[in-house]
Amino acid sequence: MLSRFTRFLKRPTSIHIATNTVGNYINIGFTALFALILVRTMTPVEYGVLSVLLGISYVLANVLDFGVTATIYSYLPGHLENKTQNLYNFVKTLFAYQTTFALAAILILLSSFSWLDNVFFKTGADQTTVYLLFVGVLFFIWQNFVSNMLLAGKQFLKVNIYVNLSNLVKLVLLLVIIPFYKITPSLVILIFSIVGSLAFFIPLLLERRFAVSRILRSSIDRKELKFGYTLTYFLSTQLYNLALRMDLFLLSFFGLRVEVGYYALAQKIILSIMTSIISITQVLSPSFSSAKTKRDVKALLKPGLTYLSVPAALFVILYFVPKELFDLLFTQRFSQSTGIAKSLAIPFIIFTYSNFLLIFALYTLKKPKYVLMSNVLFFLGMTIGCYTLIPKLGVYAPAWVITGSLLVSSLTLGVSSLYGYKKLPA
């Protein structure tokens with residue numbers, strides 16, 4: 001038994017997951033530390049406004065991905081293996097495509113944000129903060145692009161070093177600035193999005209000077225975009241990312257300003273654990289891309305579910321963490337966040353295991369339409385459910401809504417994936 005476990009740990013996939021997970025847990029540690037600092041230097045209302053603005057930023061960075069991430073994971077490994085000029089054409093084409101459309105969308109949103117804020121978000125952010133927010137979105141998009149390129153190339157250690165170097169720079173800046181300046185949402189957005197991304201890029205650009213030069217001299221080839229696959233995946237992931245933030249946005253919409261701060265902290269804890277799920281699926285994705293038969297998929301079932309059981313266990317542990325520990329970490333001003341975080345832990349256990357179905361449908365079956373169908377249901381469930389129940393149940397409504405929405409979407413994805421699995425060769 002012990003020897004089997006030792007062999008399991010020594011697998012290349014296990015080593016990659018361990019590397020990526022440790023790096024992401026360090027990132028989680030930084031995220032928790034940032035939250036501890038901010039809840040001690042900002043009021044619940046300020047922290048709520050900041051959380052809504054950063055939520056908008058993260059959603060837009062994912063929405064404006066335009067399906068590039070799936071294209072990277074599906075096709076970059078083949079380009080790396082062949083090592084032809086097409087590799088550089090591929091990178092430049094995707095970067096130019098994403099940046100062009102993202103800039104156009106950002107300019108449109110920037111011109112209409114005042115109206116959106118008055119009608120929906122209700123943050124009351126000043127113009128300087130809004131400008132910083134949207135510039136930061138572009139930096140997040142670029143950082144995500146480069147990170148996914150490195151991860152698809154199995155550079156797990158390198159990308160985690162750069163990400164946590166960026167976190168270290170953000171932490172130092174916060175600690176230096178706090179004694180001299182009042183911490184405001186605009187200042188945090190400047191540090192977290194723009195300065196943090198620059199700290200990620202600079203050492204990478206210095207190290208990869210040759211590759212950057214080759215990319216600049218390469219050509220843009222529209223054939224590298226894979227529009228059918230890319231756009232279907234783009235639509236499905238954007239619905240999912242938007243759905244995952246609808247709880248926070250609708251809490252803000254109904255004017256629960258103090259409660260938004262409590263909920264935002266609880267959600268931050270949940271999102272931190274979700275980071276470990278992403279670190280696992282990032283490593284598993286290439287294996288699912290290579291799986292062609294039912295036998296290949298069966299070989300991935302046990303290790304895949306075993307790896308995903310780690311973050312599932314973290315959600316269980318979160319549910320049983322004593323309230324006194326929450327109060328010690330986040331102060332009694334945010335004591336209401338304890339019950340909210342516990343209520344969210346249970347539905348996200350369902351979410352954890354549903355990721356196995358996600359990467360199977362996306363990379364083995366190469367059927368983003370299955371994921372799209374599932375995410376449409378998740379988005380509708382989150383939007384209608386939160387809009388209906390938040391006025392009645394307040395900050396505890398999203399937990400019930402997320403549970404129901406995840407059950408329906410996961411069941412739908414499971415049925416469609418089973419249909420695709422039966423069509424695979426033995």
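Here a biologist and a modeller talk through helix packing and inner spaces in a predicted model.

Biologist: Let's start with helix 3 and helix 8. What makes helix 3 oblique to helix 8?

Modeller: Helix 3, residues 44-63, and helix 8, residues 185-207, pack at an angle of about 40°, with their axes 10 Å apart. Angles under 35 degrees count as roughly parallel and 65 to 115 as roughly perpendicular, with the rest, short of over 145, being oblique. The angle of about 40° therefore makes helix 3 oblique to helix 8. The crossing of these two helices is right-handed.

Biologist: Which residues of helix 3 and helix 8 meet?

Modeller: From helix 3 come Glu46, Val49, Leu50, Leu53 and Leu54, and they meet Pro185, Val188, Ile189 and Phe192 of helix 8. Sorted by class, this contact has 8 nonpolar residues, 1 charged and no polar ones.

Biologist: Now to another pair. Why are helix 5 and helix 10 called roughly parallel?

Modeller: Their axes cross at roughly 25° and come within 16 Å. Because angles under 35 degrees count as roughly parallel, helix 5 and helix 10 earn that description. This crossing, too, is described as right-handed.

Biologist: What does helix 5 bring to its contact with helix 10?

Modeller: Helix 5 brings Tyr97, Val119, Phe120 and Phe121. Among their partners in helix 10 are Phe227, Leu231, Met246 and Phe253. The contact divides into 10 nonpolar and 2 polar residues, with no charged ones.

Biologist: Let's turn to the open spaces. How much space lies in the largest pocket, and which residues are closest to its centre?

Modeller: The largest pocket holds about 850 Å³ of space. It is lined by 24 residues, and those closest to its centre are Val91, Met149, Ala211, Val212 and Ile215. Helices 4, 5, 6, 8 and 9 each supply at least two residues of this lining. By class, the lining has 18 nonpolar, 3 polar and 3 charged residues.

Biologist: And the enclosed spaces? What makes the second largest one a cavity?

Modeller: A cavity is a set of points where a 1.4 Å probe fits but cannot get out, whereas a pocket is open, so the second largest cavity is a space closed to that probe. The structure holds 2 cavities of 30 Å³ or more, and the second largest has about 70 Å³ of space.

Biologist: Which helix gives the largest share of that cavity's lining?

Modeller: Helix 11 does, with 4 residues. Helix 10 also supplies at least two. Leu244, Asp247, Gln267 and Phe348 are among the lining residues, which divide into 8 nonpolar, 1 polar and 1 charged.

Notes:
Residues numbered from 1 in each chain as written. Predicted model: local features only at pLDDT ≥ 70, side-chain atom pairs only at ≥ 80, totals over all residues. Heavy atoms only, no water. Axes fitted to C-alpha atoms, helices over the stretch in contact; angles between N-to-C directions. Left-handed = near helix turned anticlockwise from the far one by under 90°. Contact = heavy atoms within 4.5 Å. Nonpolar A, V, L, I, M, F, W, Y, C, P; charged D, E, K, R; others polar. 1 Å grid on protein atoms, 1.4 Å probe; cavity = no way out; pocket = protein on both sides within 12 Å on 5 of 7 lines; lining within 4 Å. Points joined across faces, edges and corners; volume = space filled by probe spheres on them.
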